[in-house]
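Please open the model in your viewer and keep the selection tool at hand. The tour below moves from one selection to the next and says what is found at each stop.

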Amino acid sequence: SKRTVGALESEKSGIVAENVLVLLRKEALIKELKSNIQSRENTHELEIFRLQPSVTTCIRTHEAEIASFRTSVSKCESMHEEEIATLRAERGVCESSHEGQISDLKAQLAAVTEELLIHELSLLEDTQAAEKVRCGVGMQVELNEDNLIHVLFINPGGAAWESGKIVVGDIIHKVNGVPMKSTDDIFDSIFGWVGSTVQLEIQTNTGWRGDIELVRKVAPLMMGIGAIAGEPKPLDSHYRPQLTGNRGNLHL
């Protein structure tokens, strides 16, 4: 029994010694960790101390840049406000100018409208006056060797031309049923009021003979039909139709 107790006490003492060793080791480890932490803190403090001037410099630089940007923005805003004010003033001037131009154009339009109205009235009066004008059918005739009224040429734009029923070379036998024996006869018969009708009995170079009706109108005198029937020939101011013999010719 004494041996057993002694062994237990010895074993207990060994366990306590081991636990003490473990505690000592942990304390040593804790001290080492604290030392490392302190070292790192010291290192970080040194880095912070070293970086603090740079950080301060950066902050001051950025603050200066921000202040510069704010100044630039203020200047730009002032410039734009001036430009906007200038543009508004120019727009006002343009609007005033355009209003003046529009007023002038309206006045010109009114004047032109009045002139057109006067011109239309004048044309109406001329038309009414033209209806009282005596004229023929736009052709020239002569008395040939057989004492027949012969068509010498036709004026484009005249009644004869527009009808398309009479050409150079045709013979006019009667006007309104009255036989034609001289140029005086046909002159008195062909001429009449503008817009009135006249009936001609003609004979073509193909032998056809019949009546045609023309409406009298004023025709140009400087264009005619050439020597070939139905072929247009422009005439200048020096042109005169060639006559047969010494017989006279007459514009109708």
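In which loop is N176 found? Select N176 to begin: this residue is found in the loop between β4 and β5 (178–179), where helices (H or I, at least four residues) and strands (E, at least two) are DSSP runs, numbered from the N terminus. Phi of N176 is near 55°, a positive value in a residue other than glycine. With a relative accessible area of 43%, N176 is partly exposed; on this scale buried means under 20% relative accessible area, exposed over 50%, and partly exposed in between (1.4 Å probe, protein chains only).

Before going further, note that this is a predicted model, in which local features need pLDDT of at least 70 and side-chain atom pairs count only at pLDDT 80 or more, while totals for chains, interfaces and linings use all residues. Residues are numbered from 1 along each chain as its sequence is written, and side-chain values use heavy atoms, with hydrogens and water left out.

**The whole chain**

Now zoom out and colour by secondary structure. The protein chain has 3 helices and 11 strands, and from the N terminus on its elements run α-β-β-β-α-β-β-α-β-β-β-β-β-β. Of the 252 residues in the protein chain, buried residues make up 19%.

**Along helix α1**

Select residues 2–130, which form helix α1, and look for two patches. Patches are made of residues with over 30% relative accessible area and no salt bridge, like charges being joined within 9 Å and nonpolar side chains (Val, Leu, Ile, Met, Phe, Trp, Tyr) within 5 Å. The accessible areas come from the Shrake-Rupley method with a 1.4 Å probe, and for residues only the protein chains shown count as cover.

Take V16, V20, L21 and L24, which make a nonpolar surface patch of about 330 Å². L24 is found in helix α1 and counts as partly exposed at 47% relative accessibility.

Then select E77, E81, E82 and E83, which gather in a patch of negative charge on the surface. For charge, Lys and Arg count as positive and Asp and Glu as negative, while His and the chain ends are not counted; the place of a charge is taken as NZ of Lys, CZ of Arg, CG of Asp or CD of Glu. E77 lies in helix α1 and, at 47% relative accessibility, counts as partly exposed.

**Around strand β3**

Move next to N147, in the loop between β2 (139–143) and β3. Phi of N147 is near 60°, a positive value in a residue other than glycine, and the residue is partly exposed, with a relative accessible area of 44%.

From there go to V151 in strand β3 (residues 149–154), which counts as buried at 0% relative accessibility. Adding Q140 to the selection shows a pair that is 11 residues apart in sequence and 6.2 Å apart in space, C-alpha to C-alpha.

**Salt bridges**

Side chains of opposite charge can pair when their charged atoms come close. With a salt bridge defined as a side-chain nitrogen of Lys or Arg within 4 Å of a carboxyl oxygen of Asp or Glu, the count comes to 3 salt bridges.

Select K217 and E162, whose closest N and O atoms are 2.9 Å apart in a salt bridge. The pair links distant parts of the chain, with K217 in the loop between β8 and β9 (223–225) and E162 in helix α2 (residues 159–163), 55 residues apart. K217 is partly exposed, with a relative accessible area of 27%, whereas E162 counts as exposed at 52% relative accessibility.

Select E201 and R209 next: their side chains meet in a salt bridge (2.7 Å, N to O). E201 counts as buried at 15% relative accessibility, and R209 as partly exposed at 43%.

Now add K174, which forms a salt bridge with E201, the closest N and O atoms being 3.9 Å apart. E201 lies in strand β7 and K174 in strand β4 (residues 171–175), so the pair ties together parts that are 27 residues apart in sequence. K174 is partly exposed, with a relative accessible area of 28%. Salt bridges that share partners join K174, E201 and R209 into one network.

**Last stop: T204**

Finish with T204, in the loop between β7 (197–203) and β8 (209–215). T204 is buried, with a relative accessible area of 17%. Its side chain and that of T206 are joined by a polar contact of 2.7 Å, meaning a pair of N or O atoms within 3.5 Å; within protein, one must be able to donate a hydrogen and the other to accept it, and residues adjacent in sequence count only if both atoms are side-chain atoms.
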